[in-house]
Amino acid sequence: MEESMTILEAIKRDFGCGEVDIRTYSPLTLAYIGDAIYDLVIRTIVVERGNRSADKLHKKTVTYVNARVQARMIEALENDLTEEEAAVYHRGRNAKSYSAAKNASVIEYRKATGLEALCGYLYLQGHQERLLYLIRTAIEKINMTI
């Protein structure tokens with residue numbers, strides 16, 4: 001029987017990715033991967049809640065995958081973050097992005113970018129349990145149900 005491994009471990013193994021000091025990554029690089037990871041977590045939850053049309057799945061997903069909600073989530077989490085996590089969030093929030101949100105304020109977009117940077121950081125560090133804990137806690141704190 002094959003030993004269980006995370007998707008990150010499998011990617012590193014199968015594609016020959018070396019070890020990198022994640023702290024050297026730019027906050028926008030962390031946000032780039034964090035956006036995808038956050039989206040994957042939410043999409044997985046939505047799909048696991050029931051087999052629906054792709055349109056209905058998408059509409060449910062975008063209620064969580066948008067800058068306005070992500071800003072609310074990180075606001076709810078700020079007191080739960082470790083010093084290291086808070087530093088990563090602040091680096092992401094303060095990064096100068098060349099894009100903007102379609103339906104959110106600049107402040108909300110920057111907070112969302114910080115959350116995504118934190119998600120990327122935790123994922124690349126292999127701290128999936130902590131990542132999922134923070135997402136679950138944020139969803140509970142802002143009283144949303146998926």
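Helix α2 (residues 27-48; helices being DSSP runs of H or I of at least four residues, numbered from the N terminus) comprises 22 residues, which at 1.5 Å a residue should span 32 Å, and its end C-alpha atoms lie 31 Å apart, in agreement with that value; the expected span is 1.5 Å times one less than the number of residues. The model is a predicted one, in which local features need pLDDT of at least 70 and side-chain atom pairs count only at pLDDT 80 or more, whereas totals for chains, interfaces and linings use all residues. Residues are numbered from 1 along each chain as its sequence is written, and side-chain values use heavy atoms, with hydrogens and water left out.

Within α2, the buried residues (under 20% relative accessible area, 1.4 Å probe, protein chains only) are P27, L30, A31, G34, I37, Y38, D39, V41, I42 and V46. These buried residues pack against α3 (54-61), α4 (67-77), α5 (83-94), α6 (106-124) and α7 (128-141). After the helix comes G50, with a positive phi near 155°.

The axes of α2 and α6 (lines fitted to C-alpha atoms over the stretch in contact, with angles from 0 to 180 degrees between N-to-C directions) are 6 Å apart at an angle of about 80°, which makes the two helices roughly perpendicular (65 to 115 degrees). Contacts (heavy atoms within 4.5 Å) involve residues including P27, L30 and Y38 of α2 and T113, E116 and Y123 of α6.

The axes of α6 and α7 come within 7 Å and cross at roughly 150°, so that α6 is roughly antiparallel to α7 (over 145 degrees). This contact is formed by L118, C119, L122 and Y123 of α6 together with Q128, R130, L131 and L134 of α7.

Note on methods:
Buried means under 20% relative accessible area, exposed over 50%, partly exposed in between (1.4 Å probe, protein chains only). Angles under 35 degrees count as roughly parallel, over 145 as roughly antiparallel, 65 to 115 as roughly perpendicular and the rest as oblique.
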